[in-house]
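Work through the exercises below with the sequence and coordinates at hand. Each task is followed by a solution in steps.

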Amino acid sequence: MATLASSSSSTVLFSSPHSNLSPPSLSPSRLSFSSSSHISTTLSSSLSVSHSFVTYPTTSRRFSPCSFSVKAIAADKKKVLIVNTNSGGHAVIGFYFAKELLGSGHEVTIMTVGEESSDKMKKTPFTRFSEIVGAGGKTVWGEPAEIAKVLEGSAFDVVLDNNGKDLDAVKPVADWAKSSGVKQFLFISSAGIYKPTDEPPHVEGDVVKADAGHVAVEKYIAEVFSSWASFRPQYMIGSGNNKDCEEWFFDRIVRDRPVPIPGSGMQLTVISHVRDLSSMLTLAVEKPDAASGNIFNCVSDRAVTLDGLAKLCAQAAGRPVNIVHYEPKAAGVDAKKAFPFRNMHFYAEPRAAKDILRWKSTTNLSEDLKERFEEYLKIGRDKKAIKFDLDDKILESLKVPVAV
């Protein structure tokens, strides 16, 4: 039998010990349902009710129409360890993932490689780790090779390695997790391991570079764990990221400088907000059986051209943009040093996540860039002295004047 418990604060707790009992029918036009948890057969839900007139007749099993919000919380909470890199663009993935898990009621420990006193910890997202602690998470520091010592006495259901790029770095974590009885092992790989293709986009199952370090890790965890999954991200944006992406464009746009883009500018890529990445990872934790044994392109679901990205950045900044195109060899520059993105079509689609995890993107690049530009101004980067030596060399080869 279902039970109801209510309090003067209009919080109603509903629990059903048996799946044969249908949940209450709710008016779809009046109900706000918020849940980022996978709800198992045994369910504990918190109903936050804005109106006091709520009935639950045993015959009709139906609420009378009213306006309220529901936050469903799964009974099967997980203890999750995130082994997080101390540098590069991937660090922000662990930060967002930890916050999303905590918001869904899971227990989280984030172990950052290195020492807490390191200068690297003076950058975002590490300077915002108080947000994790404030939400009930734990933060520790240490080396992967010493993980057993660092986490002595701790037990986890899930481990995410968001640090290693090769088997030497990941194996100590994976072996410790296996010996400690960890049920699920997740790994942040990279979409960069795909071989270039004449049929973009990259989808799960496409040919990868056999000598890539991430590939060796994926093979190893598939052999060691019965429940595992690998995630391949591309370029990402989001508050707390410490690797240039959109900032490269903002730096030029706010200073009224030309934006030099190699090639035609029609090359396609994917710029994903890290919220999309963390929501995908959270679904894997909450749907372990579905996620098990799969590789997921950890990206948003829309591509953008390089010229298009420049234009969107300009729109976010409310400024005009002057795009110029060049051929790296003719300009005498290395495109990898002169431009932050690959000079080719490079984009993947999250087909597996949509099909297997029922994941959906919730972000919008043009709106996300507005948020990022606000933060760009807030930290004063628009006033920072920046050298444009390579830009100047490119522009000189094109005979493009630059305002001083």
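**Exercise 1.** In this predicted model, find the largest nonpolar core and state which residues have the most contacts inside it.

*Solution.* Step 1: join the buried nonpolar residues through side-chain atoms within 4.5 Å. The largest set obtained has 39 residues. Step 2: rank its members by contacts inside the core; I82, F97, F231, M280 and F296 have the most. Step 3: sort the members by element. Helix 1, residues 91–103, gives the largest share, with nine residues. Step 4: look for a further core. Another one, of 34 residues, lies apart from the largest, and V254, I261, A317 and F373 are among its members.

**Exercise 2.** List the contacts of F231, leaving aside neighbours within four places in sequence.

*Solution.* Step 1: keep residues with heavy atoms within 4.5 Å. Step 2: read off the partners of F231, which are L186, F187, I188, S189, S190, M280, L281, A284, F296 and C298. Step 3: compare with Exercise 1. M280 and F296, both partners of F231, are also listed among the core residues with the most contacts.

**Exercise 3.** Describe the surroundings of strand 7, residues 107–113.

*Solution.* Step 1: check burial, with the cut-off under 20% relative accessible area. Six of the seven residues of strand 7 are buried. Step 2: pair strand 7 with strand 6 (residues 79–84); the two run parallel and are joined by six bridges, with V80 opposite V108. Step 3: trace the connection. From strand 6 the chain passes through helix 1 to strand 7, a right-handed β-α-β crossover. Step 4: pair strand 7 with strand 8 (residues 138–142). Five bridges join these parallel strands, and T112 stands opposite W141.

Key. Residues numbered from 1 in each chain as written. Predicted model: local features only at pLDDT ≥ 70, side-chain atom pairs only at ≥ 80, totals over all residues. Heavy atoms only, no water. Buried < 20%, exposed > 50% of the residue type's maximum accessible area, 1.4 Å probe, protein only. Helix = DSSP H or I, 4+ residues; strand = E, 2+ residues; numbered from the N terminus. Pairing = 2+ DSSP bridges. Right-handed = clockwise from strand over helix to strand, strands pointing away.
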